[in-house]
Amino acid sequence: YEVLPPVLSIPSVPTDLVISEITSSSFNLNWIAPVDNGGSPITNYSVELSTDSGNSWANVKADVSPSTQLVSQLKLPGVTYMVRIASVNSVGLSDYLFGSVTTLLAAASAPTGLVLKSVTISTATLGWAAPANSGGSVVINYVVEVSSDAGLSWSVVPHSTTTTLGIVVSSLVPAKAY
């Protein structure tokens, strides 16, 4: 009898992709190792992302060690990513396990350059500049609050939700600091 070496093949596809802990700049990928390693140990996983519906792919990390978790750090809030993961052994790459995820939109940064444009006995006209970072979407409004106790408590100015870069705050008490 002649003993033949085992026939090796590519591994089967990893399974059960779970995408969790989604933020505006990251998400966790978890999957289960393939049922069949093709007769050769899984050496790593290939994890790729696409932002153009799968027309092009970029390696998140070409050599993910044989663990089944990866935290992906991104810089694009509110974007849908297609994900594909393949098992790799000494023979080659498996078929892909596919999934998709949309990162959350981030909160906008604070507006800048708050200025007091004018003051009357009962009004103050305020102006400001748009935030440097919109959080990945259009700023839909600004809410103006005032404090008359050096910032210990704040009240929303009635009818102050605005899309403009300024507002007239009315009904102020004369000679009171705000």
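By the usual side-chain criterion (a Lys or Arg nitrogen within 4 Å of a carboxyl oxygen of Asp or Glu), the count here comes to one salt bridge. The partners are Glu-48 and Arg-84, whose closest N and O atoms sit 2.4 Å apart. The pair ties together distant parts of the chain, with Glu-48 in strand E3 (residues 44-50) and Arg-84 in strand E6 (residues 80-88), 36 residues apart. Side chains of opposite charge can pair when their charged atoms come close. Both ends of the bridge are tucked away: Glu-48 is buried at a relative accessible area of 10%, and Arg-84 counts as buried at 16%. Buried here means under 20% relative accessible area, exposed means over 50%, and partly exposed covers what lies in between, with a 1.4 Å probe and protein chains only.

A word on the ground rules: this is a predicted model, in which local features need pLDDT of at least 70, side-chain atom pairs count only at pLDDT 80 or more, and totals for chains, interfaces and linings use all residues. Residues are numbered from 1 along each chain as its sequence is written, and side-chain values use heavy atoms, with hydrogens and water left out.

As for the overall fold, the protein has twelve strands and zero helices; these are DSSP runs numbered from the N terminus, with at least two residues for a strand (E) and at least four for a helix (H or I). The radius of gyration, taken over C-alpha atoms, is 28 Å, whereas a compact globule of 178 residues would come in near 16 Å by the rule of 2.2 Å times the number of residues to the power 0.38. The C-alpha trace spans about 105 × 35 × 20 Å along its principal axes. Of the 178 residues, 31% count as buried. Among contacts (heavy atoms within 4.5 Å) with a separation of 6 or more, 55% come from residues 24 or more positions apart. The accessible surface, from the Shrake-Rupley method with a 1.4 Å probe, adds up to about 10,800 Å², and carbon and sulfur atoms hold 59% of that.

Then there is Asp-16, which lies in strand E1 (residues 15-20). Its phi is near 55°, a positive value in a residue other than glycine. Leaving aside residues up to four places away in sequence, Asp-16 touches Asn-30, Trp-31, Ile-32 and Leu-97. With Asn-30, the C-alpha to C-alpha distance is 7.9 Å across 14 residues of sequence.

Ala-150 also has a positive phi, about 60°, although it is not a glycine. This alanine sits in the loop between E10 and strand E11 (155-156) and, at 84% relative accessibility, counts as exposed. Another loop residue is Val-138, found between strand E9 (124-129) and strand E10 (145-146). Val-138 is exposed too, with a relative accessible area of 69%. Its C-alpha atom is separated by 9.0 Å from that of Ala-108, 30 residues away along the chain.
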